[in-house]
Amino acid sequence: MAIKKEIQILVIDDDAADRFLYSKLLSQIKYPKYSIIEASSGEEALDLYEKYPSDCVLLDFMIPNMNGIEFLETIHKKKVPLLPTIFISGHLNPIIVKKAYDLGAKINIDKSSITCEILNKAILSSIQSIN
């Protein structure tokens, strides 16, 4: 399947510096072009998830109002189609990672190891795994 020219990403992270980092890293990619929608809490993320059709979600584990697992569980309960989701955390507890995968997350990335190349590859792989 061909890669879209522009990919919309919903970034869910309570840390403004992390959201800025992901945007900066993705802006370095020439193709595809990434557009970013940001949410800093679980409630805001749920609202944006349903209002704006994104191609992929970057989801932090520790977000206000709910954690990343609770966010994925809420999406399942609402019976909203799950978008390709990349679970990003600095707290890579194997039990949490397994739960994220069980709920549909496609890839898990440790925040301390994120690079432009890793993020781009993870996004493209997660989107292709759905299509």
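**Exercise 1. Find which residue caps the N-terminal end of helix α4, and how.**

Step 1: Go to the start of α4, which spans residues 94-102. Helices here are DSSP runs of H or I with at least four residues, strands are runs of E with at least two, and both are numbered from the N terminus.

Step 2: Look at Asn93. One of its side-chain oxygens sits 2.7 Å from the backbone nitrogen of Ile95, and that is the cap. A polar contact is a pair of N or O atoms within 3.5 Å; within protein, one must be able to donate a hydrogen and the other to accept it, and residues adjacent in sequence count only if both atoms are side-chain atoms.

Before going on: this is a predicted model, where local features need pLDDT of at least 70, side-chain atom pairs count only at pLDDT 80 or more, and totals for chains, interfaces and linings use all residues. Residues are numbered from 1 along each chain as its sequence is written, and side-chain values use heavy atoms, leaving out hydrogens and water.

**Exercise 2. Work out which residues of α4 are buried and why they share a side.**

Step 1: Pick out the buried ones (under 20% relative accessible area; exposed is over 50%, partly exposed in between, with a 1.4 Å probe and protein chains only). In α4 they are Ile96, Val97 and Ala100.

Step 2: Check their directions. They cover an arc of only 100° around the axis, so they lie on the same side of α4. The arc is taken from the directions from the helix axis to the C-beta atoms.

Step 3: Recall the general rule: an α-helix has 3.6 residues a turn, so residues three or four places apart point the same way.

Step 4: Turn to the face away from the buried side, where the exposed Pro94, Ile95 and Asp102 sit.

Step 5: See what does the covering: α3 (68-78), β6 (85-89) and β7 (107-110) are included.

**Exercise 3. Find out what Phe87 touches and which core it belongs to.**

Step 1: List contacts (heavy atoms within 4.5 Å). Leaving aside neighbours within four places in sequence, Phe87 touches residues including Ile96 and Ala100.

Step 2: Place Phe87 in the largest nonpolar core, which has 23 residues. Such a core is a set of buried Ala, Val, Leu, Ile, Met, Phe, Trp, Tyr and Cys residues joined through side-chain atoms within 4.5 Å. Leu10, Ile12, Leu59, Phe71 and Phe87 touch the most other members.

Step 3: Ask who contributes. Among the elements supplying at least two residues each are α3 and α4.
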